[in-house]
Amino acid sequence: MKRRQFIQTASAGSALGAFGLMSGCASIGGSSGPKVVVVGGGYGGATAAKYVRMWSDYGIQVTLIEPNANFWSCPISNLVIGGSKTMADVTMSYDNLVKRHGVNLIKDYVTQVDPDKRVVKLASGGEVAYDRLILSPGVDFMMDSLPGMNKAGAQDKVLHAWKAGAQTLALRKQLEAMPDGGVYALSIPLAPYRCPPGPYERACQVAEYFSKAKPKSKVLILDANDDVTSKGPLFKKAWADRYKGIVEYRGKHSAVDVDAATNTLKFEFNDDVKAAVLNVIPPMRAGDIAVKSGLATANKRWCEVDFLTFESKAAKNVHVLGDSIQIAPAMPKSGHMANQHGKTCAAAVVALLTGKEPNNLPIYNNTCYSFVSSEDVVHVASVHAYDADKKTMLTVPGSGGVSSAANELEGRYAMAWARNIWADTLA
Amino acid sequence: MKNWSYLIAAVFCVAASAQAQTNNTPDPLQVRSWAAGCANCHGTNGRAETGNESLAGANKDEMVKKMLDFKAGRRPATIMHQLSKGYSDAQIVAIAGYFAAQKK
C-alpha cells in the first residue's frame with residue numbers, strides 16, 4: 001500500500017472513529033485496511049496491539065487473541081504471595097483496548113501458524129488471516145527436565161506460580177496452610193529465565209510473612225546459578241538484616257527431579273531436600289506456539305529476531321517479542337522490556353505496512369523494582385540502544401545501575417511504575 | 001477529539017519526516033518511539049498516572065535542564081541519574097520537544 005492511500009484510509013478511520021467510540025470500534029478502518037494479528041495479551045502483546053492502532057491513526061485493523069479473560073500482572077504478584085496485596089490488585093481488564101482503541105479481542109488459543117497462507121488457526125476451529133503477525137506468547141516450562149513433574153497430580157501440588165493467575169493464589173494458600181516451623185523451598189533454574197530478580201523478591205515476601213505469622217519457619221533458596229543473578233548484594237543484605245535466621249541461600253543447586261508425593265527435590269550434585277511447601281520454577285523456553293511454529297531457532301528454546309523490527313529470523317511477516325526472544329546481551333526478560341519490545345515492534349509494523357523504513361536507532365530502558373518487604377524496594381535500571389555494526393541491542397556505557405539501599409520512597413515509585421505501565425499497556 | 005489530533009500528528013509527522021532527511025534533526029517518528037520508552041513510568045504520550053510526573057505539555061527547556069542535571073549528577077534522584085546517562089544531549093532535547101508538544 002502506498003503512503004497516500006494509507007493516509008486516506010487512516011483519515012476515513014479517524015472520521016469513523018469519532019462515531020465508532022459510541023457504536024463499538026471493532027470495525028474502525030473498514031475492512032480494507034491492513035490486518036495485524038497479535039497472539040498473547042501480556043505486557044508485550046497488549047502493548048503492541050494498542051500502539052499499532054494508535055500509531056496507524058486507527059487505520060490498521062488489529063485482532064488480539066488471548067485465552068484468559070483478564071490480564072494478570074506478574075509484577076506485584078509476589079506481594080499477593082507475601083499477603084500484602086490481593087489478586088484483585090494485579091487483575092486488569094482488556095476492555096479499554098477494545099473500547100478506546102478498537103482492538104478486536106478474541107478469547108481463544110492459537111494452535112497453529114501457517115506463514116505461507118498467512119493465517120493462524122484457533123483452538124475453537126476458526127482461522128484468522130493477517131498481513132503481519134505479532135507473537136507474544138511468553139514462556140512455557142520445560143517440564144521434561146524434571147520428569148517427576150509429569151506424574152499425575154504433580155503440577156497441582158508442586159507449584160511454579162511463575163505465570164500470575166490461579167497458581168499465585170494457590171501458592172499463597174499453601175503458605176497459609178503450612179504449620180509454623182515448616183520449610184518453604186524455592187528452586188530457581190539456570191538463567192535465562194523470566195524476571196531475573198523475581199525469585200529473590202519472592203523469597204523476601206515469604207520471609208516477611210513468616211517473620212510476622214510463622215517465625216519458626218524457614219525460606220530455603222535452592223538456586224541452579226552460582227550466585228544471585230540480579231541485585232545480589234541488595235538481596236543478601238535484606239536476608240541478613242531483615243530475615244536473619246529465616247532465609248538460607250544455597251547456590252549451585254541444579255534441580256534434576258521432583259518427587260511431588262513426598263515434596264522432595266533432587267539435585268545433580270547435592271543431597272535431596274524435602275520441604276513443607278515446594279515451589280519449583282522450572283527451566284523455561286519460548287511459548288509453545290513459537291516453538292511449534294519452528295521459530296525457536298536458538299537452542300530450540302528462544303526465538304531469534306531482527307532488533308529493528310522484531311521480525312523473526314525464521315519466518316517472514318511474523319514478529320516475536322517479549323520473554324520468547326533470544327535476548328540481546330544484558331537484556332532482561334521482564335514485563336517492562338516486553339512493553340518496550342511491543343512499542344518498537346508496533347512502530348516497525350506500522351512503517352512496514354505503509355511502505356516506510358522502520359526506525360533505525362531503537363533506544364529503550366528497563367526498570368525493575370523488587371520489594372524486599374511489603375514497603376521497601378530496590379531497583380535495577382538499564383538503557384539499551386541499537387548497535388548497527390553488531391545488529392543487536394547493547395547497554396549504553398555509563399548508564400543504568402541499582403539502588404544504593406532498600407527504601408520506602410522507591411516503594412512508592414514502584415507502585416507508581418505499576419500503575420503507569422498497566423495504563424501504557426492496557427488503557 | 002482524540003482521533004483528530006492523532007490524524008493531525010500523523011500528517012505533521014509525514015511532512016516533518018521528509019524535512020528531517022535534509023538536515024541533522026532526528027526523524028520525528030524516531031523521536032516518538034524514543035519518547036514512548038519513557039511511557040512505562042510517565043504514561044502514554046507523557047500523561048502519567050498518579051505518583052509519577054506527567055511530561056505532556058511541560059516546558060521543553062525545563063525538561064532539558066532537569067535531564068541534563070540528572071545526567072551530570074547535579075540533581076538528586078532515585079533512578080533518573082542512571083537512566084538519563086543512556087541518552088545523548090541531542091536525544092534528550094528531541095524527546096523533551098516531543099513531550100512539550102503533547103496535550104496535557
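Begin in chain A by selecting strands 13, 12, 11 and 17, which, taken in that order, make up an open sheet of 4 strands with parallel pairing. This is a predicted model, and what follows describes its coordinates as they stand. Colour strand 13 (247-250) and strand 17 (277-280) of chain A separately, because these two stand at the edges with a single partner strand each, so that one side of each is left without a neighbour in the sheet. Looking across the sheet, you should find neighbouring strands turned against each other by 15° on average, direction ignored.

Stay with the sheet and select strand 11 (residues 183-188) of chain A together with strand 17 of chain A, a pair that runs in the parallel sense and is joined over 4 bridges. To find the register, show Tyr184(A), which stands opposite Val277(A) in strand 17 of chain A.

Next, widen the view to the domains of chain A, where domain 1 takes in 3-67 + 107-140 + 285-359 and domain 2 takes in 143-283. The centres of domain 1 and domain 2 of chain A, taken over C-alpha atoms, are separated by 35 Å. Selecting the contact between them should give you 6 residues from domain 1 of chain A and 5 residues from domain 2 of chain A; on the side of domain 1 that touches domain 2, the residues divide into 3 nonpolar, 1 polar and 2 charged.

Now select helix 2 (residues 43-55) and helix 10 (residues 335-353) of chain A, whose axes come within 7 Å and cross at roughly 35°. The crossing in which helix 2 of chain A passes helix 10 of chain A is right-handed. Among the residues that make the contact, helix 2 of chain A contributes Tyr43(A), Ala48(A), Tyr51(A) and Trp55(A), while helix 10 of chain A contributes, among others, Ala338(A), His341(A), Cys345(A) and Val349(A). Sorted by class, the contact of these two helices has 11 nonpolar, 7 polar and 1 charged residues.

Two hairpins of chain A come next. In the one formed by strand 6 (residues 110-114) and strand 7 (residues 119-122) of chain A, the strands pair in the antiparallel sense over 4 bridges, and Val113(A) has Val120(A) in strand 7 as its bridge partner. There are 4 residues between the strands, and Arg118(A) takes a positive phi near 55°.

For the other hairpin, select strand 21 (residues 377-387) and strand 22 (residues 392-395) of chain A, which run antiparallel and are joined by 4 bridges. Here Ala385(A) stands opposite Leu394(A) in strand 22 of chain A, and the turn, with 4 residues between the strands, includes Lys391(A) with a positive phi of about 55°.

Finally, bring in chain B and select its contact with chain A, which takes 30 residues from chain B and 41 residues from chain A. On the side of chain B that touches chain A, helix 1 (2-20), helix 2 (28-36), helix 3 (39-42) and helix 5 (80-83) of chain B each supply at least two residues, and the residues of this side divide into 14 nonpolar, 14 polar and 2 charged.

Before leaving, colour chain B by pLDDT: the mean is 85, and 77% of the residues of chain B reach 70 or more. Over residues 1-22 of chain B, however, the pLDDT is below 50, although this stretch has 26 contacts in the model beyond near neighbours in sequence. Where pLDDT is low, the predicted coordinates should not be read in detail. The model scores ipTM 0.91 and pTM 0.90.

Note on methods:
Residues are numbered from 1 along each chain as its sequence is written. Chains are lettered from A and ligands numbered from 1 in the order in which they are written. This is a predicted model: local features need pLDDT of at least 70, side-chain atom pairs count only at pLDDT 80 or more; totals for chains, interfaces and linings use all residues. pLDDT is the predictor's confidence in each residue, from 0 to 100. Two residues are in contact if their C-beta atoms, placed from the backbone, lie within 7 Å. Two strands pair if DSSP finds at least two bridges between them. Ala, Val, Leu, Ile, Met, Phe, Trp, Tyr, Cys and Pro count as nonpolar, Asp, Glu, Lys and Arg as charged, and the others, Gly among them, as polar. Domain bounds come from an automatic or database domain assignment. Axes are lines fitted to C-alpha atoms, for helices over the stretch in contact, and angles run from 0 to 180 degrees between N-to-C directions. A crossing is left-handed if the near helix is turned anticlockwise from the far one by less than a right angle, and right-handed if clockwise.
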